[in-house]
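Student: I'd like a close look at one part of this protein, the place where two neighbouring helices pack against each other. Could you set it in the context of the whole chain and then walk me through it?

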Amino acid sequence: MGGQRTCPMARQGLARYATTTADAASRATWDVVVIGAGPAGSLAARELARDGRRVLLVDRNTFPRDKVCGCCLSGAALNALDAAGLGSLADACGARPLRSLRLTAGNRSADLALGKSVSLSRARLDTELVGAAIHGGADFLDNTRAIVGSRTQDECEIELKTGSDRTTVTARIVLVAGGLGARAFAEPDERQTAVGSRIGAGVVLPGTHRNFSDGVIHMLCHRSGYVGMVLLEDGRLDIAAALDGLAVKRAGGIAPLVCSILQDSKCPLPADMETAEWHGTTKLTQYRAALYGNRYFVVGDAAGYVEPFTGEGIGWAMTTGRSVVPYVIKALQEGTECAGPWWEKRHRELLGQRMRMCRLISGALRYPKFVTAAVGLLSFMPGLAKPFINAIDASLQRDDKLPRRELRGGDEQDAARFHDQAAW
Ligand SMILES: Cc1cc2nc3c(=O)[nH]c(=O)nc-3n(C[C@H](O)[C@H](O)[C@H](O)COP(=O)(O)OP(=O)(O)OC[C@H]3O[C@@H](n4cnc5c(N)ncnc54)[C@H](O)[C@@H]3O)c2cc1C
């Protein structure tokens, strides 16, 4: 295992593809089982498999699948793909370059120039990343829910549920990358939700949408939340929103509330929007105190998330998915107790500041008068937004080396490799 394979998805287009069955998986011994094939899980699975580890990537959904997301890849997300050697992926998928963000609040609008960023459907992006993981040597099993069960000093049991069938696989380490609100543990989860957090909602509308310009993110800010709209690579319109839960109840559902936000913002209603099948999420701003435990690590949204106004989550997920790899490798050798605290520290270094900035912005968005005034100011002086946009586009991965003491106790050669990988 761990050798590179031809990617069947690249050959066959976006067909469902699993490389193993739950039965076959239960007879194998896995170094790492990765729960969740979003950007975090797939990139981690790929890197670990490329390092020669025996990796099983599991997702409860059948691929390809859409998910609630604004589908905008920021400069940081594109840099993360580039750093993984997948820099041509977005272009190869026909991702649409994004030129500007049209911000609307009340009767004010501002057009802000964007740096390098693109729109790409999650169905396409995530399926390609799964393909990259398979190509790197990982096995993939979709339509299967994975739940972390009992853990000993050396290994961990994971229950796989496909329909009514249940099997158990064993791994030395589990990587929990199940996204926001994922249920990946048999025991009650330790996540905390921020007070007043909004919920997410989204839909992808087929058809032609002439009222929405190519290359523009349309973002409507409203007292009940905010709604982002963007054309995808295949001409569909992605709508994603962060909404006040109480306002959703009062409006009688997600679709009526989003329609009323569009109407209040004088934005034309896209065809079929009211009748489309909307998907909701749990509360968006969540934290997890511990990012590791006996035999497991947590990455991506599962490790913590802040409301998505700045559209950075995919970049965060890909960066943490890759960055956790050296810690997993160290844990395979010496256990999670040794590598886990360093992973928590690294995670804070990578995302702490960005999450704080997002919290500040999401807090400010609760004040409609302030937001309308700010958008009014930006309509005259769009350059004021430049530092924020540059910050969102900047690569998350720093070049600085990890402190030498992180490597204590490891074999000299492994330590050197661990050090090099951690300093991508
Ligand atoms: C409204 C909204 C708009 C957003 N807009 C943007 C944007 O424009 N740009 C951006 O960069 N980010 C955006 N984000 C954030 C982005 O969607 C997430 O940050 C990103 O998808 C996180 O990736 P992940 O790999 O951690 O998890 P996910 O992408 O959520 O993937 C997790 C996977 O785990 C699977 N899973 C969960 N539990 C289990 C289980 N027990 N067993 C097996 N599989 C399981 C799920 O099926 C899923 O496929 C937005 C989010 C929301 C809610």
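Tutor: Happy to! Let's begin with the contacts of the whole chain: of those between residues at least 6 apart in sequence, 74% join residues at least 24 apart. Keep in mind that this is a predicted model. Its mean pLDDT is 88, and 89% of the residues reach 70 or more. Confidence varies between elements: strand 2 (residues 55-58) has the highest mean pLDDT, 98, while helix 1 (residues 8-12) has the lowest, 43. Two further stretches call for care. Over residues 407-412 the pLDDT stays under 50, and the model gives this stretch 10 contacts beyond four places in sequence. Residues 418-424 also have pLDDT below 50, with 18 contacts beyond near neighbours in sequence.

As for the overall make-up, the secondary structure comprises 14 helices and 21 strands, and 49% of the 424 residues count as buried.

Now to the pair you asked about. Helix 10 covers residues 325-334 and helix 11 residues 336-364. Their axes come within 7 Å of each other and cross at roughly 160 degrees. An angle over 145 degrees counts as roughly antiparallel, so helix 10 is roughly antiparallel to helix 11. The crossing of helix 10 past helix 11 is right-handed. Which residues of helix 10 and helix 11 meet? From helix 10 come Y327, K330, A331 and E334, and from helix 11 T336, C338, A339, W342 and W343. Sorted by class, this contact has six nonpolar residues, two charged ones and one polar one.

One more residue is worth a visit, as it leads back to helix 10. A44 sits in helix 3 (residues 39-50). Is A44 buried or exposed? A44 is buried, because 31 other C-beta atoms lie within 10 Å, and the cut-off for buried is 20 or more. Setting aside neighbours within four places in sequence, the contacts of A44 are V34, L175, A177, V299, G321, R322, V324 and V325. Of these, V325 belongs to the residue range of helix 10. A44 also illustrates how sequence and space can part ways: T320 is 276 residues away from A44 in sequence, yet their C-alpha atoms are 8.3 Å apart.

Conventions
Residues are numbered from 1 along each chain as its sequence is written. This is a predicted model: local features need pLDDT of at least 70, side-chain atom pairs count only at pLDDT 80 or more; totals for chains, interfaces and linings use all residues. pLDDT is the predictor's confidence in each residue, from 0 to 100. Helices (H or I, at least four residues) and strands (E, at least two) are DSSP runs, numbered from the N terminus. Two residues are in contact if their C-beta atoms, placed from the backbone, lie within 7 Å. Axes are lines fitted to C-alpha atoms, for helices over the stretch in contact, and angles run from 0 to 180 degrees between N-to-C directions. Angles under 35 degrees count as roughly parallel, over 145 as roughly antiparallel, 65 to 115 as roughly perpendicular and the rest as oblique. A crossing is left-handed if the near helix is turned anticlockwise from the far one by less than a right angle, and right-handed if clockwise. Ala, Val, Leu, Ile, Met, Phe, Trp, Tyr, Cys and Pro count as nonpolar, Asp, Glu, Lys and Arg as charged, and the others, Gly among them, as polar. A residue is buried if 20 or more other C-beta atoms lie within 10 Å of its own, exposed if 12 or fewer, and partly exposed in between; C-beta atoms are placed from the backbone.
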